[in-house]
Each structure stands twice: as C-alpha cells, then as structure tokens.
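Reader: Please take one part of this model and go through it closely. I would like the central sheet and the helices that pack around it, in connected prose.

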Amino acid sequence: MNLSRRDFMKLVGVSVASLALTRCSLPIGVTCYAPLPPSPYPTDSARDRLRTCWLSFGELARRTQESAQQGSSEDTYGAELTADHRAALDELVASGELTASVADLVQEAYNAAVYHVWRSNSLMTCYEPMMVDYAPVSANILVEQSAALDEIAAQGAVDPATLETARAALEHDLAFYAMTDEEVSNLYNRIVTEWQAQGGTTPSFDELDLEITPDAQAAAQFIISLLTGQ
Amino acid sequence: MTAVRPRLQSLIFEVTQACNHTCLHCYNVWQGGGLYPLGQLDTPRTLNLLAKALDETTCSHVTLTGGEPLLRSDLPRILEFLQQRRVRVTVISNGRLLTEPAVASLLERGVGLFELPLLSHQRQVHDELSGAPGAWDAVLAAMANVRLQHGQVVAAFVATRKNIERLGETLKLAFAFGVRGVMFNRFNPGGRGRQRLSELLPTVDQVRDALEVAEKMSVELKLPVSCSIPIQPCLIDISQYPHLGFGFCAAGSERAYYTLDPLGNLRACNHTDLILGNLFEESFTNLIAPERMSAFTCAIPAFCADCDRRLECQGGCKASAQVCYGSLTEEEPFLRNGLLRADQING
C-alpha cells in the first residue's frame, strides 16, 4: 500500500480522535479522591499540555455544534488547541525530548484529528453540502420515496427506463432493511468469502507494505505513549 | 519546523471550460464575454498543478467542476491521482454524460458525491434553463444510475423567476429520486447569467415564499435543504426557517473555496473573475496572503456599513457585485433590487 508518512500520521490522528469521541477509555491517571477535572486544567509540563490537547476532542465537538446552531462555522477553539499543541511540542524539541521531524509528524496527526472532529460537527457549506457515508436512509423514508415515485410515474412524464432504474435502486435499499441482523452478517461473510475465493486475501497488518519511516513510527509511538501515560 | 500550510476545507478545480449545455443562469467567469484566459493544461501538467495545490495546503476535499467535467477525456486519470492522494472528491456535473458505466467508473475512482442540477419538475422548464433539450431526462437518469450503484447525489436548484414558484414539486421529485439533500441556490448573476439578470433574478417576495415551501417540505420529507448563495437577513428574516441551512461568503476563511481554473489561475471563489495569480508561478500561501485577499475580504457595500450583521452577511455575494457592476463594494443585484423595491413600497 502506497501510504506516505504524512497520510499515515493523519490516519493515526483521526483514529485517536474517533476513539476518544466514541468514549473509548483513555487512562486519565486519577484516583477516586482526585476525580476528573471539569475542564482542561492548568498544567506545567509540555507533555501534560499535549495530553490535555488530545483529550479535548469532546469539548471541540460540543463547541463546534454550538457554533453551528448559531450559524457559525468558525473553528476558534480548534485553532487554539492546534496552537497550544504546537507550542508544547516546540518545548519538547527545545529540550531534546523529540526531534523536530518527529514533532512535525505528531503535529500533522493532531491537525488532522482536529480537522476531522470540527468537520464532523460543523455546518454544511455551498460546495461541501453534506458528507455522509452511504447507508440506506430510514425504512419509513424509503416507503415515502416509493410512494412519491409511484405518484410521479403515474403522471407519465418521466422516461420508463429511468423509472425502472430508480425503482430498482429503491428496492435494493428496501431489501437491505428487510434483512435481519443475522442475514446482514451472513451477507458480509459471503462477500468476504467470495472475494477471497477470487484470489483476494485480507493481509495482516505486518504484511501490509506500508511506507512508514522510522520518524513516523516514532511519532505514532509518542502519541500512544502520551495517551496511555507511559 | 515545517512552514504552516494553509488549511482549506475544500478546493474547487475547474477541470475544463467546455460544456455541452448553455444554461441561462451560468456563472462561469469565462462566459461573461470578457477577457478571461481560455484553455487547459495537458494531463501531466494538470496533475502537477493538483499535486502542488495539495502539497502546499492542508486540503482533504476537492470539488471537480467545469464547464462539464465529464467532457474531459483524462478525467479518470485525474480522479485516480486524487484517489492516490486520499482526497475526497465531489463532482459537479449536469448529468448529461453520467451513464451507468460512467457512474461506475467515477465511483470506482472515489467520487463520494455528485452534485446535479434539478431545476424543475417539468421537462420544458429544466431544458429551457439548461439551454439543452433532453437535459431533464438525462439528469433524472443520472440520479437513478448513481443511486442504483450506491453513490450519493445532492440536487442543486437554481431559483430563478422561471422556476421558483414550483419549488415544492421539484423538491418532491428530488426526494423520489433519493437525493441526500437539496441546495436551494437563488440565482446569483455572473457569467452568461449576467445578461439575463432582469429576466431571471427572483424578487425578495418570491424567495421568501420559496423558503417557506422549502422549510415545510424539508421537515415533511426529512430532506436537508441548504441555501448557500447568501440571502441578506435585512431582506428576509432567515431565522424563520430553522430547518434550512444558510451560508454566507466564506472568502478568506478556512471555509473558503478557492478555485483553480484549468490553466492554474487561482481565484477567491468560483463566482469571481479576479485572478489572484497562477499557482505555477507562486506558492499557494503567497497567492492567498492577506494583502492580496483584503480587497475581497474587506469589501462591503456602503449600505451595510452600520449593520450589526455586516461581518456575517458581508452584503451578500461580492463576486456578483463585481462581475455585474464592476466593484466588490457595490450592492450585489439581489440586494440592490430588494432595496429598490423597499424604497418603492415606502414611497
């Protein structure tokens, strides 16, 4: 797989942000007598400040949603976090804990994570109207779409071949909704099996030909160590 | 330390200036009868241009537009390049060439979203506005083809005097064809459309009525509707339409959609014909430096000087003001007409 070190770091950053936002537990290092602080707290060391930045995605998501409700999509808090993160990294570089190139890659990962969180919670705009992954809309909507399509078909204006294609597409989505969880699971298994039977294999991580430089590995390891408190 | 690269939410690339439709409302800057540079680079130079743009910015989304992007024979190669760069891609097309194999080809090459026009529920109106017989049938077929192959479509409704009063039926048609959202873009004069300003520009009352329809149907059909061409709050109280999204000019901000033409000329957006410079000759950072962008970002009509919402609304579309009246600080046509009408009412 041709994955540049920059792309690799972006994936690391986005993955960490996604894990954090799905409440995947990150050890905070607190005891029952020292509960979670209510908000990012003043810290002294650059490492602590970096850690705080990486644990602020929930707050970034909340603020972005609030801004969106007020009609704004400025990313002021994201910009603050990014600047704080960079400043803390620069301290580590100055003290010799990190090389400049590794720090740049860590920053790259953080930038991507901030952007991912902001983008996922921000307003839609003219040329990025909505970035949603494909999934059938709700079954009720599909039924209403089907009724609307029938109504339009009855008017006789739309080309019959186009209507047939539109109906076939709707039926695909409806069929998906008619399946039980077990059937969906079986379908996925069947697709994987068929793909493998055609010569496709699922490589293990070690087998992937990832172009990850030692710097990128060091940067990814640094982020993991930072978040796990090691 | 690496120099900070400008962070862009999206970059627009005008793949080609050629088009197989002659939309009455077309805002393409080279259709304005002026001296805008014409032509396009060959494939290797085009890929170099895109590589430079992506290398010099932090941008994870590119919108390919035109003209009609599918008229460019090396579009698959351009998409493969963007796929390798792991960039999300939206294609703005008129749908004429989006046959089933073409859709499959584009989806395989990573196109995540198709933005297609749906200007009316009536063939005659859509075809007239598109300046192309058969356009309506083609775009509906394209929508069905994309959905059948599990792609995604957003429909663009350009609201003009010729179609605005039947918005409801058009939204229903879009819904029946499974679009994921509708862009309600009130006609924004520029390019060829400038010559038909009075014929096409809807009145404030017409837009207000249309927004009421859009609000109601957005709720009823659970269909997202965004109004991305600015609608000035002094003309219409947009807070009355809580289910609609409203956008204002994003030039100069992270949400800006800087636009690259097929020759590498960079502009602040796709509606303006003011060229910031050529990306082959200068860095992206230099081209969008505040001193160059300030003429654009700071411009505001005199009428708006004392308005509390001037920083948000900015008077509407400055590009349209500049293209139609020669200055970024003029009142753009929708605002000018709205104010004129208000003056008439107030005697």
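**The sheet of chain B and its surroundings**

Author: Strand β2(B) and strand β4 (residues 61-65) of chain B run parallel and are joined by 4 bridges. Within this pairing, Phe13(B) has Leu64(B) of β4(B) as its bridge partner. The model is a predicted one.

β2(B) also pairs with strand β11 (residues 257-260) of chain B, again in parallel and through 4 bridges. Here Ser10(B) stands opposite Tyr257(B) of β11(B). Strand β2 covers residues 10-14 of chain B, and 5 of its 5 residues are buried, so the strand is largely enclosed by the rest of the structure. The burial applies to both faces: Ser10(B), Ile12(B) and Glu14(B) are buried on one side, and Leu11(B) and Phe13(B) on the other.

These strands belong to an open sheet of 11 strands with mixed pairing, in the order β10-β9-β8-β7-β6-β5-β4-β2-β11-β12-β13 of chain B. Its edge strands are β10 (244-246) and β13 (275-278) of chain B, each of which pairs on one side only. From one strand to the next, the twist averages 25°.

At the β10(B) edge, strand β9 (residues 225-227) of chain B pairs with β10(B) in the parallel sense over 3 bridges. In this pair Ser226(B) stands opposite Gly245(B) of β10(B).

Helix α8(B) lies across β7 (153-159), β8 (181-186), β9 and β10 of chain B, and runs at about 130° to β10(B). α8 (residues 204-221) also packs with helix α6 (residues 167-176) of chain B: the two axes come within 9 Å and cross at roughly 30°. Angles under 35 degrees count as roughly parallel, and α6(B) and α8(B) are therefore roughly parallel to each other. Their crossing is right-handed. On the α6(B) side the contact is made by Leu167(B), Gly168(B), Leu171(B) and Phe175(B), and on the α8(B) side by Ala210(B), Val213(B), Ala214(B), Met217(B) and Leu221(B). By class, this contact of α6(B) with α8(B) has 8 nonpolar residues, 1 polar residue and no charged residues.

α6(B) also packs with a helix of the other chain. Helix α6 (residues 139-155) of chain A meets α6(B) at an angle of about 120°, with the axes 8 Å apart. The crossing of α6(A) and α6(B) is left-handed. The residues that meet are Gln145(A), Ala148(A), Leu149(A) and Ile152(A) in α6(A) and Lys172(B), Leu173(B), Phe175(B) and Ala176(B) in α6(B). The contact of α6(A) with α6(B) has 6 nonpolar residues, 1 polar residue and 1 charged residue. Phe175(B) is thus listed in the contact with α8(B) and in the contact with α6(A).

Chain A, which supplies α6(A), has 9 helices and 0 strands. Buried residues make up 28% of its 230 residues. Of the contacts in chain A with a separation of 6 or more, 80% are between residues 24 or more positions apart.

Elsewhere in chain B, helix α12 (residues 318-325) is mostly covered, with 7 of its 8 residues buried. The buried residues are Lys318(B), Ala319(B), Ser320(B), Ala321(B), Gln322(B), Val323(B) and Cys324(B). They pack against α7 (197-200), α10 (290-297) and α13 (333-345) of chain B. After α12(B) comes Gly326(B), whose phi is positive, near 85°.

Conventions: Residues numbered from 1 in each chain as written. Chains lettered and ligands numbered in written order. Predicted model: local features only at pLDDT ≥ 70, side-chain atom pairs only at ≥ 80, totals over all residues. Axes fitted to C-alpha atoms, helices over the stretch in contact; angles between N-to-C directions. Helix = DSSP H or I, 4+ residues; strand = E, 2+ residues; numbered from the N terminus. Parallel < 35°, antiparallel > 145°, perpendicular 65-115°, else oblique. Left-handed = near helix turned anticlockwise from the far one by under 90°. Contact = placed C-beta atoms within 7 Å. Nonpolar A, V, L, I, M, F, W, Y, C, P; charged D, E, K, R; others polar. Buried ≥ 20, exposed ≤ 12 C-beta atoms within 10 Å, placed from the backbone. Pairing = 2+ DSSP bridges.
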